[in-house]
Amino acid sequence: MHRTTGLAIVITAALSSAACEFTPITQTRIEGSIGPTFANLVTLQMSWLGMPPMSTTDLGVNARCRRPSGQNAGSGEWTCSLLWQGPSGRILRDSYELFVTTDGCYTATASSEGIGPPTLKTDSGREVRNLLYAFEGCFDTT
Amino acid sequence: MSIRGLGAVVTVESLKLLRQIRTHVVLAACVFGPFAFAAAIRVQSSLPTDTLFGRSVKDSGFAVPLVILGFAALWAFPLLASLVGGDIFSAEDRYNTWKMVLTRSRSRADVFTGKVVTALGFSAVAIVILAVSSMTAGVLIVGVDPLVDLSGFVRSPDQALSRVALAWVSILPPAFAFTAFGVLLSVVSRSSVVGIGVPVVVGLTMQLFALVDGPEALRRLLITSAFGTWHGLLTEPPFYEPLYHGAVISAAYFVVCLAIAYGSLRRRDIAG
């Protein structure tokens, strides 16, 4: 009986350590996905709102993500801070709270006020969804 | 095994299926379910934001089949896939008809292959109907506006249509793996409750396991992981590696389950 319990503990420990070492959910992958996705959504939203077009390169989005629990790998909650150049040339900073699943998909929800409300009005008065308020993305885990 | 023998078994099994109310109810649900879903989304203000593309269901009709794909992966695909496979062998035990079936001029190999082909055919037909109906419901009820993908890129209706269709095709290998698992349980347990119920429970358990941050290699060994490999088709640049992995894992489950099932049926002593 003791041997079985011991074996179970060893297997659990081995699996847990393997989980820590081999998780494909890494800071580099998340930053590499949320940065370009955010840039694409900004350019799209600007076109919806009839603002002068800007390329994703002009926006120069720089993403910095970390996991509040400390260890910078694994699924669950993450926070990302995005630095980018707005239409007026000012450097803007937006924060997002992410929930990342084990298959490499995430939902990012804005946690700073600069992003605005969930819906926006275009010049013509049409109501559109604020694409930056909350968005989803996926990255390759292989 | 002969092609003629196989054809005869498939014809008989298909006719039996077509006579069952269960088949009609399930296929009708696959046809009308997506329309009910799209109509409900249209009239209510809240969105299914906990599923990928849930935020876009009012913006583009192409998001509708993707949301349904995400929902169905939880338990509907394992159920659809094992509904016939999990019953097609054990029904002979239930009605005590094995003796009659095996004393005809068809070999056990013919009967086994014919039943498996019928079960796979039903799984494929149910999934294709659900796919076409989801797409039609999305296009008719929500519209053909471009789709914003998982990288924030706008996909034209043509591109969105082909990507969504490919995403649904990617569901077939894991669905067939579940059908084979249902067949195995149906042969070994001789019980339709086990044949249909266990794949659904196993599917749910695998999904729960995938929520935990376990080793990646282990996660990829689950059949249900292959239900989510389509995500790479809707990013820019797209990534296909998980799709290949999913197909290979599904094929492995498929072959192993059917080999054990056939071995068990071939050795079975049907007397009396």
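Me: Among contacts in chain A between residues at least 6 apart in sequence, what percentage joins residues at least 24 apart?

Reply: It is 47%. Two residues are in contact if their C-beta atoms, placed from the backbone, lie within 7 Å. Before we go on, this is a predicted model: local features need pLDDT of at least 70, side-chain atom pairs count only at pLDDT 80 or more, and totals for chains, interfaces and linings use all residues. Residues are numbered from 1 along each chain as its sequence is written, while chains are lettered from A and ligands numbered from 1 in the order in which they are written.

Me: Which helices and strands does chain A have, and in what order?

Reply: Chain A has 3 helices and 7 strands, running α-α-α-β-β-β-β-β-β-β from the N terminus. Helices (H or I, at least four residues) and strands (E, at least two) are DSSP runs, numbered from the N terminus.

Me: How do you know what span to expect for helix α2 of chain A?

Reply: The expected span is 1.5 Å times one less than the number of residues. For the 22 residues of α2(A) (residues 27-48) that gives 32 Å, and the end C-alpha atoms are 31 Å apart, which agrees. Just after α2(A), Gly50(A) takes a positive phi of about 70°.

Me: Why is Asn96(B) called buried, exposed or partly exposed?

Reply: A residue is buried if 20 or more other C-beta atoms lie within 10 Å of its own, exposed if 12 or fewer, and partly exposed in between, with C-beta atoms placed from the backbone. Asn96(B) has 9 such atoms within 10 Å, so it is exposed. This residue sits in the loop between α5 (90-94) and α6 (98-102) of chain B, and has a positive phi of about 60° although it is not a glycine.

Me: And which word fits Arg190(B)?

Reply: With 17 other C-beta atoms within 10 Å, Arg190(B) is partly exposed. Arg190(B) is in the loop between α9 and α10 of chain B, and its phi is also positive, near 60°.

Me: Where do α9(B) and α10(B) lie relative to each other?

Reply: Helix α9 (residues 172-189) and helix α10 (residues 192-211) of chain B pack at about 140°, with their axes 8 Å apart. The axes are lines fitted to C-alpha atoms, for helices over the stretch in contact, and angles run from 0 to 180 degrees between N-to-C directions. Angles under 35 degrees count as roughly parallel, over 145 as roughly antiparallel, 65 to 115 as roughly perpendicular and the rest as oblique. That makes α9(B) oblique to α10(B).

Me: What makes α3(B) and α8(B) parallel, antiparallel, perpendicular or oblique?

Reply: The axes of α3(B) (residues 63-72) and α8(B) (residues 157-169) come within 10 Å and cross at roughly 15°. The two helices are therefore roughly parallel to each other. In their contact, Pro65(B), Leu66(B) and Leu69(B) of α3(B) meet Val164(B), Ala167(B) and Trp168(B) of α8(B).

Me: How do the residues of that contact divide into nonpolar, polar and charged?

Reply: There are 6 nonpolar, no polar and no charged. Here Ala, Val, Leu, Ile, Met, Phe, Trp, Tyr, Cys and Pro count as nonpolar, Asp, Glu, Lys and Arg as charged, and the others, Gly among them, as polar.
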